[in-house]
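Below are my notes on the model you sent, as numbered points. They start from one helix and work outward to the sheet and the domains.

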Amino acid sequence: MTDVPAMEVLLKNSPKNWGKWGDRDEVGALNYLGPEEVLRGVRHVKSGKVFTLQRLIGDPRGDPVWPGRSPATRTQVLDESSWDSSDAPQFPGGLHYADDKIDAFLQGSTQYDALGHVWYGGKLWNGYDARSSVGGLEIASVEPIAERGVVGRGILLDMARYRGKVCLDKAETFDHGDLMKCAESQGTEITKHDILIIRTNFLKLFYDQGQSFYEGFCEPGLVYSPALVEWFKDMEIPNLVTDTIANEVTTDPNNGTALPLHCALMHDLGIAFTEICDLEKLAGSCAEDGQYTFLYAAAPLKISKASGSPVNPLVVK
Ligand code: UVW
C-alpha cells in the first residue's frame, strides 16, 4: 500500500480521554475500576475455580515475541555444582542455595503495557511530551498501573470458538459488532466497564510452526474503525486483554497502518493493554460450565520508568 496515512491524519477526529482524570493522570481508563467495579467482579465468583493467564517464560518450545524482540534468557548463577569449587560462598550451618536471573524484554512475555508505551505526533497519553520517554518513561510508565492493580468484572469472548475454528487465521479481523455477537452466542452480554478478554488461540501456530510462524507476520485481531473506537469509549472499557502478541490485527487491511488501535485505544482513550495471555484452560472451563464472566485481577511488577511489565493475571470463577 503506497498511501499509508500518518496516524495524526487517520485519527484526526478520533476521541481522546486526555485531561478527563486530571493533567497528571497515568492510569487512564483503569480509573473506571473503582470499588463498585471490584465488588461487581466479586459477585461473579461462583465456584472458587482459579485460572492464571500468564504464558510460561522459558517454554522449551520457545516464547512468542513481537518481531525484533528476543525471548527472555534465564541464567543459573548458583546451584549445587557451585559448591564443587572452593570459591563458593560458605555459610555457617552449611546452607547451599540456587540463584538465577533473567534478561528479558519487559514486553517479551504476558505483559501490561504502560500508557506511555506508544505514541504518535510527539505526544504521549494525556498530552505528555514524547521527550519524557528519553532514558525511561518519566510519566505514564507501568509503575502507577502496578501501584493501583487492576480488578473488575472480566468477560471471555471466545472468538475462535464463535467462528468454529481451532484458532483464527493470520490477518483475520473482527470488530465490536462481532464481539457483541460472540457474547450473545455464549449467553452473555458485554456491559459497561467490563475487562474484555479475547481468545483467538492464534499463538498455537507459533508452537506448531516454530520460526516460520514469523513469515509474513500479521496477527489476527480487532480492526480499527471510527465506530469501534466510539464503542470502546462509550462502553468505558478499562482494559483489553488478548492471547495475541499485540492485541489487534498487525497491519490494518483498510489503511495499511501498523497497530492503529494501540494509538486510538491506548494512547488516545487510555485503555490498558494486556498481551500474550494463555486463555486455553479458562476457555475450556467456560465452554464446559457456560460461565463466561468472572472476577479478573492483575498487577504488573513495580518497575521504575518501565514501558511495560510481565504479569500473571488471575481469573476467579
Ligand atoms: C508494540 O507496541 C510494538 O508491541 P506490544 O504492544 O505488543 O508490546
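1. This is a predicted model, and I begin with helix α7, residues 226–234. Four of its residues, Leu-228, Val-229, Trp-231 and Phe-232, are buried. Viewed along the axis of α7, the buried residues occupy an arc of 160 degrees, so they line one face of the helix. Pro-226 and Asp-234, on the other side of α7, are exposed. Glu-236 follows the helix and has a positive phi, near 50 degrees.

2. What do the buried residues of α7 pack against? Their partners are two helices, α5 (176–185) and α8, together with the strands β7, β8 (221–222) and β9 (239–242).

3. Helix α8 spans residues 260–267 and is mostly covered, with eight of its eight residues buried. The buried set includes two histidines, His-262 and His-267, as well as Pro-260 at the start of the helix. The cover over α8 includes α7 and α1 (7–10), along with the strands β4 (111–113), β8, β9 and β10 (272–275).

4. On the nonpolar cores: the largest has 70 residues. Leu-179, Leu-196, Phe-232 and Tyr-296 have the most contacts inside this core. Phe-232 is also one of the buried residues of α7. Helix α8 supplies the largest share of the core, five residues.

5. Leu-179 deserves its own entry. Leaving aside residues up to four places away in sequence, Leu-179 touches Leu-157, Met-159, Phe-174, Ile-190, Leu-196, Ile-198, Leu-222 and Trp-231. Among these, Trp-231 lies on the buried side of α7, and Leu-196 is another of the residues with the most contacts in the largest core.

6. A second core, separate from the largest one, has 12 residues. Cys-167, Phe-206, Tyr-207 and Phe-217 are among them.

7. Now the sheet. Nine strands make up an open sheet with mixed pairing, in the order β1-β13-β11-β5-β7-β9-β10-β4-β12. At the edges are β1 (50–52) and β12 (308–310), each of which pairs on one side only. Direction ignored, neighbouring strands are turned by 25 degrees against each other on average.

8. At the β1 edge, three bridges join β1 to β13 (residues 314–316) in the antiparallel sense. Within this pair, Thr-52 is opposite Leu-314. Helix α2 (residues 35–42) packs on the sheet, where it touches β5 (150–158) and β11 (293–298). The direction of α2 makes about 50 degrees with that of β5.

9. Is strand β5 mostly covered or mostly uncovered? Eight of the nine residues of β5 are buried, which puts the strand in the mostly covered class. With β11, the pairing of β5 is antiparallel over six bridges, and Val-151 has Ala-297 as its bridge partner in β11. With β7 (residues 195–199), the pairing of β5 is parallel over five bridges, and Leu-156 stands opposite Ile-197.

10. A last point concerns the domains. The domain assignment divides the chain into domain 1, made of 7–58 and 106–316, and domain 2, made of 73–103. Their C-alpha centres are 39 Å apart. Helices α7 (residues 226–234) and α8 (residues 260–267) fall within the 106–316 segment of domain 1.

Technical notes:
Residues numbered from 1 in each chain as written. Predicted model: local features only at pLDDT ≥ 70, side-chain atom pairs only at ≥ 80, totals over all residues. Heavy atoms only, no water. Pairing = 2+ DSSP bridges. Axes fitted to C-alpha atoms, helices over the stretch in contact; angles between N-to-C directions. Contact = heavy atoms within 4.5 Å. Domains from an automatic or database assignment. Core = buried A, V, L, I, M, F, W, Y, C linked by side-chain atoms within 4.5 Å. Buried < 20%, exposed > 50% of the residue type's maximum accessible area, 1.4 Å probe, protein only. Arc of directions from axis to C-beta.
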